[in-house]
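Welcome! Here are some short exercises to work through with the coordinates open beside you. Try each task before reading its solution.

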Amino acid sequence: MAEELSEKQIASLKILLLERQAELRALDEDGASWRNTVELDQQSVGRLSRMDAMQQQEMAQAEARRRTSDLARIDQALKRHEEDEYGWCAECGEPIACKRLEIDPAAHLCINCAS
């Protein structure tokens, strides 16, 4: 069984969450242009260039979906923090190990319930 987190640990994990949230939002803004519709460019080599652009677009869209999912998990973790439920397993109510939260600060389940 994991020990309850200290206030200092909770505060440092909140900082990690906020930093990751800002990083993901910045990446989302930077990647917005890659998700736009692929236009046919007559100056390019042709079909292969368009296929390459379409592949890059698909990869950018997949990354955007992953970032959206990660941002939602972070928002939920920050909400749990505001409600003084952060660091407690949503399934069994036991404390989540600090090492687990250091790896994934948005984790909402202890290792036993996540398994």
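**Warm-up**

Of the contacts (heavy atoms within 4.5 Å) between residues at least 6 apart in sequence, 56% join residues at least 24 apart. Bear in mind that this is a predicted model, where local features need pLDDT of at least 70 and side-chain atom pairs count only at pLDDT 80 or more, while totals for chains, interfaces and linings use all residues. Residues are numbered from 1 along each chain as its sequence is written, and side-chain values use heavy atoms, with hydrogens and water left out.

**Exercise 1. Find the secondary structure and the burial of the protein.**

Step 1: Assign helices (DSSP runs of H or I, at least four residues) and strands (runs of E, at least two), numbering them from the N terminus. The result is 4 helices and 0 strands, in the order α-α-α-α.

Step 2: Sort residues by relative accessible area with a 1.4 Å probe, protein chains only: buried is under 20%, exposed over 50%, and partly exposed in between. Of the 115 residues, 27% are buried.

Step 3: Compute the accessible area by the Shrake-Rupley method with a 1.4 Å probe. The protein exposes about 8,300 Å², and carbon and sulfur atoms supply 51% of that.

**Exercise 2. Compare the span of helix 1 with its expected value, then list its buried residues.**

Step 1: The expected span is 1.5 Å times one less than the number of residues. With 24 residues, helix 1 is expected to reach 34 Å, and its first and last C-alpha atoms are 35 Å apart, close to that value.

Step 2: The buried residues in helix 1 are I10, L13, L17, Q21 and L24. To read that spacing, recall that an α-helix has 3.6 residues a turn, so residues three or four places apart point the same way.

**Exercise 3. Locate the largest nonpolar core and look around L5 and H81.**

Step 1: Join buried Ala, Val, Leu, Ile, Met, Phe, Trp, Tyr and Cys residues through side-chain atoms within 4.5 Å. The largest such core has 18 residues, and L5, L17, I74, Y86 and L101 have the most contacts inside it. Helix 1 (7-30), helix 2 (47-82) and helix 3 (98-103) each supply at least two of its residues.

Step 2: Leave aside neighbours within four places in sequence. L5 then touches I10, L13, Y86, G87, I96, C98 and L101.

Step 3: Apply that filter to H81, a residue of helix 2. Its contacts are I10, K14 and Y86. H81 counts as buried because its relative accessibility is 19%.

**Exercise 4. Which parts of the chain do the salt bridges of D28 and D104 tie together?**

Step 1: Search for a side-chain nitrogen of Lys or Arg within 4 Å of a carboxyl oxygen of Asp or Glu. The structure holds 5 salt bridges.

Step 2: D28 pairs with R67 at 3.4 Å, N to O. D28 is in helix 1 and R67 in helix 2, so the bridge ties together parts 39 residues apart in sequence. R67 is buried at 7%, whereas D28 is partly exposed at 23%.

Step 3: D104 pairs with R73, with the closest N and O atoms 2.5 Å apart. D104 lies in the loop between helix 3 and helix 4 (111-114) and R73 in helix 2, so this pair ties together parts 31 residues apart in sequence.
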